[in-house]
Amino acid sequence: MNSAAIASDRLRDFLIRNCFLKEIVSPLIVRRYFGIDMEDSVQIRCTRCKNVFRDRAKRLQNGYSRQCPSCEIVLFFDEDSHDANIKRAMRMARRARKDMRESESVSARKTAAVPRQYGGRSRSNARSSEDQDDD
């Protein structure tokens, strides 16, 4: 392995360890430039026991409730919540859903840009020669 590949791997590991947790780098940017396929999950910090667990971003919408795996308190997710942990989780879920939609539209545009070629059946020569023979 050359030094450029090692440096690229180190940078990717650094981004995974530090930037994702601190919300510095957008998941779409990391996916686009480093080829890392991110999960669609969001970290949630429990208001009671302060433990952190993960849940899918598609689930975290207004009216969703989830039990904390460690203390078993029921957390209610709402955009207008007074709890900063719930607000942060909802904000990150919204960003993750937006990034997933953007990455899907980018990939859809790339596939749409590929020109289509006609691969259908062509008219057979045997049939046309039979029609001429009958006359």
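1. Ala-57 merits the opening remark: with a relative accessibility of 0%, Ala-57 counts as buried. The model under review is a predicted one, and this residue is placed in the loop between β2 and β3 (64–67). Leaving aside residues up to four places away in sequence, Ala-57 touches Asp-40, Ser-41, Val-42, Ala-93, Ala-96, Arg-97 and Met-100. Ala-57 and Arg-91 are separated by 34 residues in sequence, and their C-alpha atoms lie 9.9 Å apart in space.

2. On the overall architecture, the chain contains four helices and four strands. Read from the N terminus, the order of elements is α-α-β-β-β-β-α-α. Of the 135 residues in the chain, 24% are buried. Among contacts with a separation of 6 or more, 35% are between residues 24 or more positions apart. The exposed area of the chain is about 10400 Å², of which carbon and sulfur atoms supply 47%.

3. Ala-57 also belongs to the largest nonpolar core. That core has 17 residues, and those touching the most other members are Val-42, Ile-44, Phe-53, Ala-57, Leu-60, Leu-75 and Phe-77. At least two residues of the core come from each of β1, β4 and α3. The greatest contribution is that of α3, which gives seven residues.

4. Phe-53, another of the core residues named above, has contacts that include both nonpolar and other side chains by residue name. Not counting residues up to four places away in sequence, Phe-53 touches Val-42, Gln-43, Ile-44, Cys-46, Arg-66, Cys-68, Pro-69 and Leu-75. Of these partners, Val-42, Ile-44 and Leu-75 are also among the core residues that touch the most other members.

5. Turning to charged pairs, the structure holds four salt bridges. One of them joins Arg-56 and Asp-40, with 3.0 Å between the closest N and O atoms. This pair links distant parts of the chain, since Arg-56 is in strand β2 (residues 52–56) and Asp-40 in the loop between α2 (27–34) and β1 (41–45), 16 residues apart. The two partners should be described separately as regards exposure: Arg-56 is partly exposed, at a relative accessible area of 44%, whereas Asp-40 is buried, at 16%.

6. The surroundings of Asp-40 deserve a separate comment. The value of 16% lies under the 20% limit for burial, and therefore Asp-40 counts as buried. The side chains of Asp-40 and Arg-56 are joined by a polar contact of 3.0 Å. Excluding residues up to four places away in sequence, Asp-40 touches Asp-55, Arg-56, Ala-57, Lys-58 and Met-100. Asp-40 and Ala-57 each list Met-100 as a contact.

7. A second salt bridge is formed by Asp-55 and Arg-59, whose closest N and O atoms are 3.3 Å apart. Asp-55 is buried, with 3% relative accessibility, while Arg-59 is partly exposed, with a relative accessible area of 46%. The pair is part of a network of salt bridges that links Asp-55, Arg-59 and Arg-66. Arg-66 also appears among the residues touched by Phe-53.

8. A further salt bridge involves Glu-79 and Arg-94, with the closest N and O atoms 2.6 Å apart. Glu-79 lies in the loop between β4 (74–77) and α3 (84–113) and Arg-94 in helix α3, so the pair ties together parts that are 15 residues apart in sequence. Both partners are partly exposed: Glu-79 has a relative accessibility of 28%, and Arg-94 one of 41%.

9. The last point concerns Asn-85, which is located in helix α3. Asn-85 counts as buried, at 11% relative accessibility. A polar contact of 3.3 Å connects the side chains of Asn-85 and Arg-88. Apart from residues up to four places away in sequence, Asn-85 touches Arg-45, Cys-46, Thr-47 and Lys-50. Cys-46 is likewise one of the residues in contact with Phe-53.

Notes
Residues numbered from 1 in each chain as written. Predicted model: local features only at pLDDT ≥ 70, side-chain atom pairs only at ≥ 80, totals over all residues. Heavy atoms only, no water. Buried < 20%, exposed > 50% of the residue type's maximum accessible area, 1.4 Å probe, protein only. Contact = heavy atoms within 4.5 Å. Areas by Shrake-Rupley, 256 points an atom, 1.4 Å probe, with all protein chains shown as cover. Salt bridge = Lys/Arg side-chain N within 4 Å of Asp/Glu carboxyl O. Core = buried A, V, L, I, M, F, W, Y, C linked by side-chain atoms within 4.5 Å. Polar contact = N/O pair within 3.5 Å; in protein donor to acceptor, adjacent residues only side chain to side chain.
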